[in-house]
Amino acid sequence: MLPPQALLPAVVFALTALQALASDTFIAAVYEHAVILPDPTKEPVSPDDALALMNKNMDVLEGAIKEAAQKGAHIIVTPEDGIYGWRFTRESIYPYLEDIPDPAVNWIPCTDPSRFGPAPVQERLSCMARNNSIYVVANIGDKKPCDSSDPKCPSDGRYQYNTDVVFDPQGKLVARYHKYNLFRGETQFNYPKEPEAVTFETPFGKFGIFTCFDILFYEPAVVLASKMQVDTVLFPTAWMNVLPFLTAVEFHSAWAMGMGVNLLSANTHNTSMAMTGDGLFSPEGPAAYHYDSATEEGHLLLAELSTHPRLSPTYPPAINWSLYATSIKKFPGENDTFSGAVRKDMFTFSELRHKAGNYTVCQGDLCCHLGYQMSDKRKDEVYVLGAFDGLHGSLIKYHWQICTLLKCPSTNLSTCGQPVETAQTEFEMFSLSGTFGTSYVFPEVLYSGVQLAPGEFEVLRDGRLKSKHGTSKPLLTATLFGRLYEKDLPHPLRISP
């Protein structure tokens with residue numbers, strides 16, 4: 001018979017599960033962590049030094065996990081690179097890696113830490129989950145030996161993977177995911193041979209998991225959300241904000257709305273790398289989000305979400321993203337166009353010259369239509385309607401179709417498309433649509449100060465992104481992001497060294 005102290009986590013977990021089963025909602029948490037980074041080095045440190053650095057970060061994460069559990073959270077997601085950072089070569093990251101087994105082994109590292117060799121990080125994460133009766137999601141590194149019988153085995157005899165792990169409230173390892181779409185600088189890791197679609201069942205819905213750059217690709221992001229019909233996606237990320245479009249809170253909220261799932265996005269916090277912005281996003285918009293480019297502090301965020309959002313009475317209806325835009329001719333407004341770069345993407349822009357009007361801008365197969373009325377046409381601010389239809393990315397190229405109502409940083413049109421965080425112009429109304437060649441379109445509105453606009457816009461079933469009652473704050477951008485996955489170029493880096 002187990003001693004009373006060993007039974008306690010199981011009893012608490014059982015009560016938590018019963019409570020979740022009795023509810024249509026659950027409480028989720030994400031933690032934006034200001035990671036304590038190692039000193040840059042090309043030479044591996046000792047295992048003890050590596051563990052000491054990771055324990056410093058886990059001390060911080062444990063505090064956030066305890067606080068989240070005390071506030072009633074059922075699950076907490078922590079960021080990508082949240083335990084050891086990112087300043088590594090393939091050789092120097094090795095002391096930070098552990099062998100992470102397949103969850104089918106039915107393993108609780110907290111109670112059986114040496115079953116698969118030394119695993120102090122997994123043991124501690126498992127105990128955090130078990131001692132606080134909460135699901136814990138973390139990002140660590142996995143190592144897998146290989147030999148000459150494997151023609152793709154790296155020369156050092158091992159695979160190294162950027163890996164997410166999930167421990168349930170009893171501390172059991174219930175999910176392991178190897179990041180499939182590595183960002184260009186992640187040379188310390190290998191690409192998995194095949195994409196993984198990792199899901200697991202909880203008392204509060206079917207969960208899926210992937211990491212950071214994965215969100216932009218069909219595998220695994222669309223497979224999990226659209227094909228496997230998960231309710232909630234767990235998303236550790238180290239997202240570098242790129243204005244005017246690809247800020248973390250903006251795109252992640254848009255993706256959750258476009259895909260019709262909950263997204264628990266936990267970001268790394270590092271202002272020198274423009275990393276900030278996390279949130280708890282639903283198909284209806286952000287339940288809670290946080291963006292802080294001014295301080296170096298971590299931040300815990302909690303919100304209540306639907307366990308099965310597709311069954312919610314407020315679940316958005318199916319949208320034909322091109323229905324309205326293809327049913328009308330081009331608007332007859334002034335359509336003098338010019339080219340402008342958003343990073344390296346060459347957009348076709350048209351300046352909004354008047355307080356109100358209708359504009360159409362086309363590029364490639366995409367025509368973007370805008371009707372709008374400003375509260376006041378300021379002489380010191382310029383807005384444009386922009387269209388982009390083409391491949392985005394320098395090395396890994398994927399196909400965007402973008403329609404955007406966008407503020408320029410200055411009245412000089414050559415600045416249109418450059419980063420901008422503040423505005424002063426409010427709109428009484430706007431309606432944006434496009435002739436998208438895809439059903440995967442992600443809508444979002446961003447206000448001055450990089451603030452979202454929950455509840456202030458809607459997407460009609462014919463594909464129009466509209467303000468409901470004007471804008472309550474000055475507008476930075478209203479954007480429809482379309483992804484034509486079938487037009488992506490083959491991935492040039494998904495090979496073993």
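Contact here means heavy atoms within 4.5 Å. I'm jotting that down before anything else, and also that this is a predicted model.

**Entry 1: Val242.** I started at a single residue. Val242 sits in the loop between strand E8 (232-237) and H5. Which residues does Val242 touch, leaving aside its neighbours within four places in sequence? I found Thr247 and Arg343 in contact with it. I also looked up Val420, which is 178 residues from Val242 along the chain. The C-alpha atoms of Val242 and Val420 are separated by 10.0 Å.

**Entry 2: the two domains.** Next I stepped back to the whole chain. I have domain 1 down as 25-311 and domain 2 as 322-487. How many residues does each domain put into the contact? I get 28 from domain 1 and 31 from domain 2. Their C-alpha centres lie 32 Å apart.

**Entry 3: the area between them.** A general reminder to myself: the size of an interface is often given as the accessible area lost when the parts come together. For this pair, domain 1 and domain 2 bury about 2600 Å² between them. Of that area, 75% is on carbon and sulfur atoms. Which residues of domain 1 lose the most area to domain 2? They are Leu243, Pro244 and Phe245, together 26% of what that side buries.

**Entry 4: pairs across the interface.** I looked for salt bridges between domain 1 and domain 2 and the count is 0. For polar contact I noted 3 residue pairs across the interface, both residues at pLDDT 80 or more.

**Entry 5: what builds domain 1's side.** On the side of domain 1 that touches domain 2, helix H4 (218-227), helix H5 (248-259) and strand E11 (285-290) each supply at least two residues. H5 gives the largest share, 9 residues. Sorting that side by class, I get 21 nonpolar, 4 polar and 3 charged residues.

**Entry 6: a salt bridge.** The salt bridge count came to 16 by the rule used here. One pair I looked up is Lys144 with Asp99, where the closest N and O atoms are 2.6 Å apart. Lys144 lies in strand E3 (residues 135-145) and Asp99 in the loop between strand E2 (75-77) and helix H3 (120-132), so the pair ties together parts that are 45 residues apart in sequence.

**Entry 7: the record.** Last, I checked UniProt, where an unreviewed entry places "domain: CN hydrolase" at residues 31-307. In the model that span is 21% helix and 26% strand. The C-alpha atoms at its ends lie 20 Å apart.

Technical notes:
Residues numbered from 1 in each chain as written. Predicted model: local features only at pLDDT ≥ 70, side-chain atom pairs only at ≥ 80, totals over all residues. Heavy atoms only, no water. Domains from an automatic or database assignment. Buried area = accessible area lost by both parts, 1.4 Å probe. Salt bridge = Lys/Arg side-chain N within 4 Å of Asp/Glu carboxyl O. Polar contact = N/O pair within 3.5 Å; in protein donor to acceptor, adjacent residues only side chain to side chain. Helix = DSSP H or I, 4+ residues; strand = E, 2+ residues; numbered from the N terminus. Nonpolar A, V, L, I, M, F, W, Y, C, P; charged D, E, K, R; others polar. UniProt positions renumbered as here; feature names shortened; annotations may be inferred.
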